[in-house]
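Visitor: I'd like to learn how to read a model like this one. Could you walk me through it?

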Amino acid sequence: MNTFPFSDWLVAAIFAVTIATTVVGALIAAFTKRIIRSVCGLAICSLGLAGLFYFLNSPFLALMEVLIYIGAVCVTIIFGVMLAEPDEPTPENFVKPFPVIAPLVSLAIGAGVFLGIAKLSLGHDWQTAAAGTVSDGSVHDIGVALLTTYSVPFELISLVLLVAILGALVIARTGRNKE
Amino acid sequence: MNPAQLYSQPAAYLVVAAFLLGVGIFGLIRRRTLIGMLISGELIFAAASLNFMAFNRFAAPDQTVGQIAVLFIMGLAAAEVAIALSIIIAVYRNYRSISSKELNELKG
């Protein structure tokens with residue numbers, strides 16, 4: 001038994017807060033007009049996702065989520081926003097081709113995907129008794145697995161990152177030479 | 001299902017992941033600029049990694065598998081963002097705009 005009286009409900013409240021952070025962040029990222037607010041929404045969503053990873057017994061991935069998504073991806077996108085100025089004012093004579101139908105259709109597609117997959121995932125009991133019988137997923141086990149079982153993909157991903165850095169430099173540089 | 005034990009139910013995580021996927025697809029359709037579409041793509045990546053982690057926690061005998069898969073997804077997402085932003089900046093230099101409506105020529 002727990003010694004603290006309402007600890008179950010406290011954990012449930014923290015879980016609800018992480019889910020709310022994820023959902024609200026995703027909504028901000030998709031629905032706001034200005035791109036910079038959308039980037040902030042992505043950062044909020046990543047923070048909530050880090051909390052969900054923590055609830056899924058992986059504090060290591062929670063830390064990595066904050067480091068990589070908030071610390072690297074969001075900051076890189078903000079640099080792109082600064083360099084490319086995506087928030088140009090819409091011209092006066094701009095007429096939307098389908099002012100009513102287009103938002104409804106995209107909303108229907110998004111809601112359809114969400115409701116369909118949610119109904120599928122609610123209709124089945126996914127828990128198996130074999131979960132966690134081989135390894136409990138500690139950081140030590142992750143390190144050992146990365147250097148033994150997954151050593152080839154581990155090296156390949158460093159190669160992919162190297163090629164991505166070189167490719168990004170080359171693409172951004174050729175545009176500069178043209179002017 | 002006890003609401004206080006919701007965090008130990010895989011369906012809760014799967015529904016949140018489905019929501020992220022739906023919002024990401026909605027944003028991918030609705031956004032008019034390339035950076036907005038890139039952000040929606042990141043939401044879809046997040047949905048995939050949440051699904052990996054949920055099934056890893058509740059169904060996998062070896063709990064390191066899903067965590068390593070999500071680590072690789074994060075690495076690929078970082079590489080994708082770097083490439084996409086350099087392409088966006090190159091496009092902006094040529095067109096002075098990154099609105100997806102303006103990008104209608106194959107050879108500038």
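**Reading the fold and the interface**

Guide: Sure. Keep in mind that this model is predicted. Let's begin with chain B, which has three helices and zero strands. Read from the N terminus, its elements go α-α-α.

Visitor: How does the radius of gyration of chain B stand against the globule rule?

Guide: The idea is to set the value beside what the rule gives for that chain length. For the 108 residues of chain B the rule gives 13 Å, but the radius of gyration is 18 Å, well over that, so the chain is more spread out than a compact globule. The box tells you about the outline too: along the principal axes, the C-alpha atoms of chain B fill roughly 60 × 25 × 20 Å.

Visitor: What percentage of chain B is buried?

Guide: Buried residues account for 58% of its 108 residues. As for contacts in chain B between residues at least 6 apart in sequence, 47% of them join residues at least 24 apart.

Visitor: And how many residues of chain A and chain B are in contact?

Guide: The size of an interface is often given as the accessible area lost when the parts come together. Here we count residues instead: 78 of chain A are in contact with 66 of chain B. On the chain A side, the elements giving two or more residues include helix 1 (7-31), helix 3 (59-84) and helix 6 (151-178). By type, that side of chain A divides into 56 nonpolar, 17 polar and five charged residues.

Visitor: Which domains does chain A have?

Guide: The domain assignment gives domain 1 (9-87) and domain 2 (138-179). In chain A, the C-alpha centres of domain 1 and domain 2 are 23 Å apart.

Note on methods
Residues numbered from 1 in each chain as written. Chains lettered and ligands numbered in written order. Predicted model: local features only at pLDDT ≥ 70, side-chain atom pairs only at ≥ 80, totals over all residues. Helix = DSSP H or I, 4+ residues; strand = E, 2+ residues; numbered from the N terminus. Rg over C-alpha atoms; globule rule 2.2 N^0.38 Å. Buried ≥ 20, exposed ≤ 12 C-beta atoms within 10 Å, placed from the backbone. Contact = placed C-beta atoms within 7 Å. Nonpolar A, V, L, I, M, F, W, Y, C, P; charged D, E, K, R; others polar. Domains from an automatic or database assignment.
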